[in-house]
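Subject: Structure for you to look at

Hello,

Here is the structure I said I would pass on. Please open it first, then read the notes below alongside it.

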Amino acid sequence: RIERDHGPLKFVLDDSRPEVFAACVKWKSAQYIETGVGDMFAAPQNVELFRQLHARGIVKVSSLWAKDTLLAAHFGTHTDKRFTWWIPAYDATYGKYSPGRLLLEELMRSSQQQGDLEFDFLIGDEKYKFMFATHNRVIGPIGAPPVSLLLQKLAKQQTKAVLERYPKAMELARDLKRRLSR
């Protein structure tokens, strides 16, 4: 349908055009804002980090085009026969055509053709990941927590126990916590 409406699709695995990089940042930033997730690209140093990772060949910038129109872009890595699906973004104007899914399918096809052993979706439990997944890993803490964390937890427990004996002090503590969280 998108080819009928906008022209033939073209996938570029490693696209070095600056406008593709800029579009990926812009679209992902807009998505972060729209979904209420912290916009990591609002900080110029984060954009520069990705720019440097790309310049050094650590991050690949991939793109999907319809004729001369950029539809979707992705920042990912490729090491040791593992491709990572990291920062996907697309032009919301073309959302009804599912350009993000089309780009994902092209990246998966490319990964398979390169002989990769794994296409890693990284963390997150988005439904689409389970549509493609054959395996998953549970990620969680390993080993004993750091002493500093244990001490902090103990201090909170003891402070709460003391405050519970004095209802007015507990009320003041709750008020203070509410004001600080604003």
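**Salt bridges**

The side chains of Arg-4 and Asp-5 form a salt bridge, with 3.0 Å from N to O. Please keep in mind that this is a predicted model. Arg-4 is exposed, at 64% relative accessibility, and Asp-5 is partly exposed at 37%.

Side chains of opposite charge can pair when their charged atoms come close. In the whole structure, a search finds nine salt bridges.

Another of them joins Arg-17 and Asp-15, at 2.9 Å from N to O. Is Asp-15 buried or exposed? Asp-15 has a relative accessible area of 2%, and because buried means under 20%, it counts as buried. Its partner Arg-17 is partly exposed, at 29% relative accessibility.

Arg-51 and Glu-48 also meet in a salt bridge, at 3.5 Å from N to O. Both residues belong to helix H3 (residues 44-55), where they are three residues apart, about one turn of the helix. Arg-51 has a relative accessible area of 39% and is partly exposed; Glu-48, at 36%, is partly exposed as well. Elsewhere, Arg-82, Glu-118 and Asp-120 are joined into one network by salt bridges that share partners.

**The sheet and its helices**

Five strands make an open sheet in the order E1-E2-E3-E4-E5, and their pairing is mixed. Which strands stand at the edges? They are E1 (9-12) and E5; each has a single partner strand, so one side of each has no neighbour in the sheet. On average, neighbouring strands of this sheet are turned by 25° against each other, direction ignored.

Strands E2 (residues 59-66) and E3 (residues 69-79) run antiparallel and are joined by eight bridges. To find a position on these strands, start at Lys-60, whose bridge partner in E3 is Gly-76.

Two helices to look at next are H2 and H4. Helix H2 (residues 18-35) lies across E2, E3 and strand E4 (82-90), and runs at about 95° to E3. Helix H4 (residues 99-113) lies across E1, E2, E3, E4 and E5, and runs at about 160° to E4.

**A nonpolar patch**

Which residues form a nonpolar patch on the surface? They are Trp-86, Leu-122, Ile-123 and Ile-139, which together have about 440 Å² of accessible area. Leu-122 sits in the loop between strand E5 (118-120) and helix H5 (127-132). With a relative accessible area of 38%, Leu-122 is partly exposed.

Regards

Conventions:
Residues are numbered from 1 along each chain as its sequence is written. This is a predicted model: local features need pLDDT of at least 70, side-chain atom pairs count only at pLDDT 80 or more; totals for chains, interfaces and linings use all residues. Side-chain values use heavy atoms; hydrogens and water are left out. Patches are made of residues with over 30% relative accessible area and no salt bridge: like charges are joined within 9 Å, nonpolar side chains (Val, Leu, Ile, Met, Phe, Trp, Tyr) within 5 Å. Accessible areas come from the Shrake-Rupley method with a 1.4 Å probe; for residues, only the protein chains shown count as cover. A salt bridge is a side-chain nitrogen of Lys or Arg within 4 Å of a carboxyl oxygen of Asp or Glu. Helices (H or I, at least four residues) and strands (E, at least two) are DSSP runs, numbered from the N terminus. Buried means under 20% relative accessible area, exposed over 50%, partly exposed in between (1.4 Å probe, protein chains only). Two strands pair if DSSP finds at least two bridges between them. Axes are lines fitted to C-alpha atoms, for helices over the stretch in contact, and angles run from 0 to 180 degrees between N-to-C directions. Contact means heavy atoms within 4.5 Å.
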